[in-house]
Amino acid sequence: MLVLVAPGQGAQTPGFLTPWLELPGAADRIAAWSDAIGLDLVHYGTKADADAIRDTAVAQPLLVAAGLLSASALGDISTVGAVAGHSVGEITAAVFAGVLADDAALRFVRTRGLGMAEAAAVTETGMAALLGGDPEVTIAHLRKLGLTPANVNGAGQIVAAGTAEQLAALEADKPEGVRRVVALKVAGAFHTEHMAPAVAELGKAAQDLVVSDPALTYVSNADGRTVATGSEIVSRLVNQVSNPVRWDLCMETFQELGAEALIEVCPGGTLTGLSKRALPGVRNLALKTPDDLDAARALLAEHAGA
């Protein structure tokens with residue numbers, strides 16, 4: 001069985017979209033999405049610098065657009081065994097599963113990005129990845145410092161989120177066993193109570209969505225469980241903004257479902273890295289440039305119907 005996954009914020013790098021726009025019809029598709037959401041995705045995906053694409057209101061639509069474009073280039077994905085996304089990547093995965101149309105997903109993620117950027121501007125907040133250590137010890141230590149374990153990613157990685165002062169305290173007082181604390185290139189404490197205002201905005205936007213039940217198995221960040229109805233998936237997408245991402249539980253579900261291979265759409269690399277450490281024996285392939293498409297198509301064909 002093969003799993004198709006979509007990365008979250010922080011996976012973007014300057015110019016990463018450039019080679020993808022050389023594919024037939026790709027530039028026109030991205031231009032149409034840009035017009036639909038009032039954001040020049042071509043510019044931000046090809047010419048903008050790291051600071052510009054770090055902006056939450058830019059990064060989130062850009063990541064969803066890139067994921068959808070690369071999956072389209074991959075071909076027919078109707079035979080994949082399961083789909084999932086990390087944080088904003090869950091919206092990309094909802095399109096893979098047939099829950100949302102691509103243009104609706106782009107409008108929805110534009111609302112999400114703007115709402116989260118506005119919420120992040122209220123207080124100086126951020127996120128940092130902790131590498132190594134015992135999860136229970138680490139989480140208890142974070143809570144002692146007033147931080148939230150916003151992403152429990154598995155493979156020895158937990159992401160803490162909170163105010164700048166709390167993150168500074170963490171840098172000075174690491175949990176026992178943690179090797180490194182790495183500040184992330186995000187502009188707020190995502191998946192925490194700091195994002196509560198964005199939840200309300202996204203809930204309003206969700207009321208206008210045309211939603212279908214998933215045609216593919218959809219694995220949710222909330223608890224790693226599969227979700228069978230489109231309405232429940234959208235409800236989880238709304239609430240996910242201020243709740244932790246449990247990617248560790250998603251990977252446990254992949255294993256329970258019998259996953260033998262995993263493809264991560266553009267800009268791939270983050271989730272395949274976690275999979276390599278947490279899911280031994282699973283073949284991993286990241287779509288970084290169109291040069292990766294032939295190998296991904298072969299892997300997809302090998303697992304078709306599994």
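This note walks a newcomer through some features of the structure above, which is a predicted model.

1. Let's begin with the largest pocket. About 590 Å³ of space lies in it. Its lining is made up of 30 residues. If you would like to find the middle of this pocket in your viewer, look for Gln9, Gly10, Ala11, Leu184 and Lys185, which lie nearest its centre.

2. Which helices and strands each supply at least two residues of that lining? They are helix H3 (50–54) and helix H12 (270–278), together with strands S3 (125–132), S4 (148–154), S5 (157–163) and S6 (178–183). Helix H3 gives the largest share of the lining, with 4 residues. Sorted by class, the lining of the largest pocket has 15 nonpolar residues, 12 polar ones and 3 charged ones.

3. Strand S3 is worth a visit of its own, as one of the elements that supply the pocket lining. Is S3 enclosed or open to the outside? Because 8 of its 8 residues are buried, S3 is largely enclosed by the rest of the structure.

4. Now for the pairing partners of S3. With S5, strand S3 pairs in the antiparallel sense over 7 bridges, and Gly126 has Gly162 in S5 as its bridge partner. With S6 the sense is also antiparallel, over 5 bridges; here Leu131 has Arg180 in S6 as its bridge partner. Both S5 and S6 are, like S3, among the elements that supply at least two residues to the lining of the largest pocket.

5. Next, please turn to strand S9 (261–264). Ala261 and Ile263 point one way from this strand, while Leu262 and Glu264 point the other way. On which side are the residues buried? On both: Ala261, Ile263, Leu262 and Glu264 are all buried.

6. Strand S9 also has pairing partners to trace. Strand S1 (residues 2–6) pairs with S9 in the parallel sense over 4 bridges, and Leu2 stands opposite Ala261. Strand S10 (residues 283–286) runs parallel to S9 as well, and 4 bridges join the two. In that second pairing, Leu262 has Asn284 in S10 as its bridge partner.

7. Leaving S9 along the chain, you come to a loop that leads to H12, and Gly268 has its place there. Is Gly268 buried or exposed? It counts as buried, because its relative accessibility is 14% and the cut-off for buried is under 20%. Not counting residues up to four places away in sequence, Gly268 touches Ala286, Leu287 and Lys288. You may also like to locate Gly89: this residue is 179 residues from Gly268 along the chain, yet their C-alpha atoms are separated by 11 Å.

8. Helix H11 (residues 247–257) is a good place to stop next, and Thr253 is found in it. Thr253 counts as buried because its relative accessibility is 11%. Which residues does Thr253 contact, leaving aside its neighbours within four places in sequence? They are Val219, Gly224, Arg225 and Thr226.

9. Last come the aromatic rings. The structure holds 1 aromatic pair. Its members are Trp247 and Phe254, with the rings set edge-to-face: 5.7 Å centre to centre and 80 degrees between the planes. Why edge-to-face? The term applies because planes over 60 degrees apart count that way. Both Trp247 and Phe254 are buried.

Methods:
Residues are numbered from 1 along each chain as its sequence is written. This is a predicted model: local features need pLDDT of at least 70, side-chain atom pairs count only at pLDDT 80 or more; totals for chains, interfaces and linings use all residues. Side-chain values use heavy atoms; hydrogens and water are left out. Rings of Phe, Tyr and Trp (its six-membered ring) pair if their centres lie within 6.5 Å; planes under 30 degrees apart count as stacked, over 60 as edge-to-face and the rest as tilted. Buried means under 20% relative accessible area, exposed over 50%, partly exposed in between (1.4 Å probe, protein chains only). On a 1 Å grid over the protein atoms alone, a cavity is a set of points where a 1.4 Å probe fits but cannot get out, and a pocket is an open set with protein on both sides within 12 Å along at least five of seven lines; lining residues have an atom within 4 Å of a point. Grid points are joined across faces, edges and corners, and a volume is the space filled by probe spheres set on the points. Ala, Val, Leu, Ile, Met, Phe, Trp, Tyr, Cys and Pro count as nonpolar, Asp, Glu, Lys and Arg as charged, and the others, Gly among them, as polar. Contact means heavy atoms within 4.5 Å. Two strands pair if DSSP finds at least two bridges between them.
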